[in-house]
Each structure stands twice: as C-alpha cells, then as structure tokens.
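User: Please look over the cysteines of this chain with me, with the cut-offs stated as we go.
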Amino acid sequence: LLQDVNLAEVYSDPKTIVDKPTSKRSQEVLSDFAALQNNSGTAGITEGDIITFEDDDFTGEGQELAVVTLTDFNDSPAFLENVTDPLIQAWAQTVSGYWADLIRETNTSATCPIYPDAGDCEGTFIPLNHTFVIPGGRFREQCEYAATNYWDSYWIVQGLMQSELYDIANSTLQNFMDEIDTFGFIPNGGRIYYLDRSQPPMFTRMVADYVAATNDMSILTRAIPAIETELQWWVSNRSVQVTSPYTNQTYTMYHYSVTNSAPRPESYIDDYATAFDPTLPSLNETERSALYAELASGAETGWDYSSRFAAQPFAGGTNNTNPTLRSLQVREHIPVDLNSILYKAHTLLVDMYTSTGNSTGAAAHLATATALRAGILDLHWDAEKLAFYDYNLTAGARNSIYSMATFYPLWNGIVPDEVLGSEENAFGLFAGVNLVMNRYNGSLPVTFLETGLQWDSPNAWPPHQFIVLEALSALPSNLTSGALPTPASNESTYALVPAGQLGLAEDELPGQLLGAGLGNATRVGPGADISRLNGTVVNGGNATEGEGWADVLKREVANRYFASALCSWHATGGSIPGLLPQLPDDVLNITGSIGNTGNMFEKFNTTDVDSSGSGGEYTVQAGFGWTNGVVLWIAANYGHVLAAPDCPDILEIVGASSNSSGTTTTTTSTTSSSASVGSIASTTGTALGQAASGQTNGAPRSLSVGAAFAAIFAGSALVIYLA
C-alpha cells in the first residue's frame with residue numbers, strides 16, 4: 001500500500017500518507033486496498049483510484065495537535081538588556097515572540113490508538129503528555145523533522161530559557177522522560193515509524209542546562225534514572241569495540257547503526273528512488289536492504305545526508321546525490337561528534353550524582369568518561385593537522401573530510417594537549433573558521449565539499465554556529481589573548497590553515513559566487529578574501545581595541561549568523577515598525593514573499609546572507625525552532641557586539657543585472673544607531689560600504705564586495721526562494 005501510494009505521487013510530501021490516521025481499523029484498510037487491486041483489472045490502479053481510496057479510508061493529518069495559548073508571557077525577557085543595537089534588540093524580541101505560535105499539546109479527541117490497541121481508527125502519532133514546541137513548516141509533532149527531531153530540541157530549549165519559558169522547557173524534558181520510560185530511549189521523532197532509531201543524545205545536556213538556569217534540582221529525581229536508561233540503550237545498541245591502529249589500545253566507542261531493510265516510511269519515495277535509480281547499477285535484495293539500513297542510520301546522525309559518511313563523496317558530482325547516497329557507510333564510521341556528546345553526558349552525570357551525594361554513581365561514570373575521552377583523542381585527533389576527524393572502521397584509519405564535527409570535542413570539554421600547549425596551535429584548530437569569515441559572506445558551512453547533499457557546502461546550520469562559539473569559549477584565556485594572525489600580503493587566510501587540515505587545495509575550495517555569468521571570486525591568493533576589512537569582516541561587527549583572536553572570531557561568527565537569519569527574514573517579508581519597513585511588493589514578488597511576514601529558515605547559505613540553504617529531501621522549511629533558539633542564545637551572550645547587518649538591496653540587484661539602460665532602483669534606507677540595515681543598501685560608512693568603495697585593509701580591490709553581494713543574490717537566491 002505504502003509503495004503504491006508513493007509511486008503514484010498522490011502527495012508531494014511522502015510524509016503525508018504515513019501521518020494520516022485511518023478512518024477504520026488497519027485490517028479493514030488493507031482489505032479495502034486488496035479489493036481495489038483485485039477490481040482494477042488489466043488497466044491497473046489509477047491515481048484517481050488511490051485518491052478515492054485515501055479519502056475513504058484515511059482522515060486529515062496533523063489533527064492530533066492543539067494550539068496552546070501562552071499565559072503570562074513576558075514579551076520583554078531580561079536577555080534583551082544585553083543587546084545594545086536597537087534594531088538587533090527589536091528583532092530578537094520579535095523572534096522571542098514566535099514561541100507563542102509554536103506551542104502545542106496533544107489533542108486527545110483527535111488522536112487514534114496505535115496498533116494493536118483497539119479503536120475505530122489507527123494512527124502513527126505518539127501522544128505526548130505535556131506541552132511541546134513544533135519546529136514549524138513540515139513538522140507536525142515535537143521535533144518531527146526527519147533530520148533534526150530529537151536533537152534540535154536542545155537548541156529550542158536554549159531559546160525557551162532565554163525567553164523565560166521555563167515551564168515549556170520543563171515540559172519538553174518531561175516528554176522525553178516519558179518516552180524513555182515507554183521505549184527505553186528517545187526516538188528520532190514523535191511517530192511510531194521512528195522507533196527503530198534515535199538521534200544525537202542531547203537529553204543529558206538539556207537537563208543540565210535547565211538545572212543551571214532554574215536551580216530546579218527536583219527534576220533530577222526523575223531525570224537521573226532516565227539518563228541512566230538512555231545511556232544504557234546506547235551501550236546495548238550502538239557500542240562497538242575498536243582497537244586503535246595508532247596505540248593498539250581497545251576502546252568502547254559508539255556509532256549510528258539502524259537495523260532496517262525497507263525504505264523509511266516518512267521518506268519512502270526518496271529511499272526507493274535511490275535504490276532503484278535506473279541510471280545506476282541495479283541492486284539485488286541484499287544490497288537494497290543494506291542501503292536502506294545506511295539511509296536510516298544516516299537519519300539517526302541528524303546529518304542526513306553528508307559526504308563525511310560516504311565512501312565516494314563526489315560520485316554524483318555537485319548535484320546528483322543518488323550515487324553518493326549509494327556509497328554511504330554510516331555504520332562503519334565512529335563519529336567524533338556522537339562520542340563527544342556521550343562523553344559530556346557521562347561527565348554531566350558525574351556532577352549530578354555528586355550534587356545528590358551518590359559518590360558510587362559519580363565514580364562509575366567518571367571512569368566511563370575517562371576511557372571514552374582517551375578513545376576520542378586516540379582515534380579522532382590528528383595532532384599534525386590540528387583537527388578531529390571521524391574514524392573509519394573499514395579503512396582502520398581516520399577520514400580526511402573536514403567538517404564542523406571537528407569542534408564537538410572542545411564544546412564537550414575535550415581540549416587536546418597540543419592545543420593547550422601553544423597559542424599558535426589553538427588558533428590553528430580554528431583557522432578554517434577564520435578562512436570562512438574572510439572568504440565568504442555567510443555563516444560556517446558543514447563541510448567544504450559541494451555534493452548537493454544538505455549537510456555539505458554551501459549549507460550552514462544554526463547549531464554549528466552555536467557549537468563553534470562554545471568551542472572557542474572552551475579555550476583558556478592565555479591561549480586566546482594574542483592578536484588575530486594575518487596572512488602575508490601575497491597570500492589569503494588559507495595560508496594560515498595547518499597543512500592538510502581541510503583536505504583540499506586552495507583552488508579546490510568552493511567559490512564565492514559573483515552572480516550569473518560572472519563566475520566566482522578568485523580562488524587563490526589575497527583576492528580570495530573578498531570579505532576582509534580593517535580589523536573585521538563584512539557583517540562581522542565592529543572591531544574593538546585589544547581584542548584577542550578568539551574574541552574576534554566569536555564576534556564575527558555571531559554577527560554573521562545574525563546577518564544570515566535577519567537578512568533572509570527581511571527578504572521574505574519581515575519588518576519592524578519604526579525601525580525596519582517591509583520591502584515593497586515589487587521586491588517581495590522577486591522572493592515570492594508577497595503577503596509573507598518573514599521566514600526563519602532551518603539552514604542558511606555560506607555564500608549568500610540573503611538566502612536560505614538548499615538541498616535535502618524536501619523543500620526548504622520556514623519558522624524553524626532551532627534557528628529561533630540560536631538567535632536568542634547569541635543575542636543573550638553576544639548582544640553587546642552585535643551590529644545591524646548590511647544585506648543586498650534586492651530591487652537594485654535585479655535592476656543591475658537586467659536593466660539594459662544601466663539605471664538602478666534602490667529602496668529607502670533605514671539605519672539604526674550603529675550601522676545601516678539590510679536589504680536597504682545604504683552602504684556609506686559601514687563595513688559593506690568600505691568594501692564597496694574598493695578599500696579593504698587599505699588596499700584597493702579589483703572587485704567590490706558590494707557588487708559581489710548584489711550579483712550573488714541575483715545569481716542564486718532567487719532560485720532557492722522560487723523553487
């Protein structure tokens with residue numbers, strides 16, 4: 001039934017059919033479908049037959065959720081006092097207010113039993129006992145996103161606590177504890193078809209951060225046993241013994257490994273198409289089953305999908321993903337991020353046991369954490385390249401693909417001795433971050449590989465910006481007080497990156513697009529650092545006297561994320577009365593946003609601050625919970641260094657690219673106290689204005705950054721918005 005409905009493409013989203021409750025018992029539904037098959041004759045089942053069948057035997061999806069009205073919501077939470085720029089403060093307040101539209105509870109009157117429980121209907125929805133946050137867009141359940149279900153709740157909780165919605169944060173934790181009590185682990189999402197897999201285990205961190213913010217120690221009475229149960233699930237179901245080729249030591253490590261032999265129900269047609277792609281060699285049943293297991297395991301990583309887990313990352317070039325997906329070896333990888341998260345979970349549990357007087361429990365988890373830390377440093381850390389990499393069980397060696405996963409150990413409290421011993425090495429670990437800030441105009445990409453997969457370049461995801469900021473903060477101050485290193489006058493920031501760290505030559509890095517027909521900025525030499533300015537970078541905030549190199553990078557990463565989130569929001573209809581007018585209809589028509597009030601996208605584009613990210617199994621989502629959460633967390637922690645961004649003037653860009661008379665039209669400029677504001681193109685006296693005038697670091701540019709931004713939007717973002 002599932003296969004026929006998906007192959008008929010009755011619904012544009014394969015998740016629709018598996019989220020629809022039946023209007024009768026499942027056995028009756030199957031009998032009706034069998035009768036439909038038997039009565040179809042030689043002509044076979046038509047699309048119309050399936051639509052009629054769906055209408056007769058299923059009801060509407062998403063009715064299991066009921067909107068919750070927040071009472072006593074504080075629309076001016078205290079963190080706003082940390083934000084100095086008026087526009088940034090107002091926008092952060094707007095984003096904080098979005099929680100009111102995203103809170104839900106289970107609508108018990110519309111929830112059907114789960115087979116084999118008796119009832120007049122059946123459904124896949126797992127009822128939740130407490131209120132919860134939906135990410136928005138496609139996802140109807142708590143964190144019901146095929147890539148970010150369980151784990152994206154961590155960043156949602158971060159945002160909820162900044163907005164002082166501690167009761168909703170508590171409810172989120174209670175729901176997860178209910179799932180642990182019922183299933184023994186936290187599943188990928190809130191549907192029964194997710195019960196064969198989990199996701200990055202962030203629950204312990206959520207509990208610890210909640211307790212730190214609220215001092216609510218009472219939750220530990222229930223949380224500690226739940227954490228123990230979840231950690232034991234990972235030991236029983238996802239652990240593997242690995243003997244290091246470097247030291248001959250054997251460690252208990254963890255990997256993502258889902259037992260699955262069929263397409264994922266929520267992405268059935270996508271998996272089926274990958275397995276039966278007529279342009280690729282045919283697979284036998286055993287090979288298809290293995291592929292389906294890899295695809296499900298990829299979903300468990302939260303990074304579905306990324307070249308970091310592929311044996312042949314460039315098998316399909318830059319836009320044909322099926323060949324790369326066919327080469328997935330997720331189960332054969334020991335991921336550095338997963339093991340770092342589990343290390344932190346054990347150390348946090350040590351603290352929890354210590355605070356409750358259980359020295360035996362604390363000692364046991366300290367021993368586990370110590371052993372896991374040793375395994376991470378042995379298997380994942382490359383002291384010469386100054387980076388962490390995944391370990392490949394098949395090859396018996398580290399992979400060479402550089403990704404944002406390299407920063408997870410520091411975020412989780414693992415700082416190698418080589419880093420602690422040298423400020424030069426400490427910077428070397430983050431040299432790739434410095435390169436992105438200077439070379440591109442967006443946020444930090446997942447990898448530098450362009451494969452068409454959504455967890456590769458050019459996509460930049462909100463959690464990774466958070467993790468890099470936290471990783472930078474994990475360094476001792478004696479390693480970060482020196483000035484930011486600069487390359488020689490005939491070199492770019494690529495020259496500052498340790499040899500081999502990125503796994504790519506400079507001219508193999510993704511280009512900074514200059515627009516249709518204009519190609520990319522130069523890929524080598526000082527001209528590649530197209531966003532570099534005096535003491536800062538384009539949309540990197542304002543330099544201050546005496547900044548250490550880590551503070552510079554934190555300021556730039558925080559500002560660049562805000563530029564990406566705010567510019568794309570404004571380009572899709574966002575506005576703030578008295579500070580940021582909505583773009584006129586002729587501009588919003590270009591971005592397909594007439595009648596819209598601004599989108600919070602799930603991911604962004606490292607080469608275009610006005611654009612959302614692209615790629616994946618479904619259309620780009622809007623209104624995303626973890627995007628909101630990271631915005632609020634950065635506002636709370638970096639509000640004093642955030643400056644209103646410069647975003648491309650959309651109408652001017654289109655005029656510049658298509659108006660044969662050579663004239664352009666600009667929108668009205670609105671400015672805050674600190675800088676000119678996005679998509680309104682007043683560049684004089686701002687960072688972007690300095691670049692547009694041809695002056696960066698006191699040297700003339702052959703191509704202005706202002707012109708580059710304009711061409712970037714004309715050449716790429718419109719395609720994404722209109723897709």
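User: Is Cys 567 buried or exposed, and at what relative accessibility?

Analyst: This is a predicted model in which local features need pLDDT of at least 70, side-chain atom pairs count only at pLDDT 80 or more, and totals for chains, interfaces and linings use all residues. Residues are numbered from 1 along each chain as its sequence is written, and side-chain values use heavy atoms, with hydrogens and water left out. Buried means under 20% relative accessible area, exposed over 50% and partly exposed in between, with a 1.4 Å probe and protein chains only. Cys 567 therefore counts as buried, at a relative accessibility of 0%.

User: Which parts does the disulfide of Cys 567 and Cys 647 tie together, and how many residues apart in sequence are they?

Analyst: A disulfide, here a pair of cysteine sulfur atoms within 2.5 Å, joins Cys 567 to Cys 647 with an S to S distance of 1.6 Å. Helices are DSSP runs (H or I, at least four residues), numbered from the N terminus. Because Cys 567 lies in helix H20 (residues 549-571) and Cys 647 in the loop between helix H22 (625-638) and helix H23 (650-658), the parts tied together are apart in sequence by 80 residues.

User: What is the handedness of the disulfide between Cys 112 and Cys 121?

Analyst: Cys 112 is buried at 11% relative accessibility, and Cys 121 is also buried, at 18%. The torsion about their S-S bond is about -105 degrees, so the disulfide is left-handed.

User: What pattern do the disulfides of the chain follow?

Analyst: The count comes to two disulfides. With bonded cysteines counted along the chain, the pattern is 1-2, 3-4.

How values were computed:
Helices (H or I, at least four residues) and strands (E, at least two) are DSSP runs, numbered from the N terminus.
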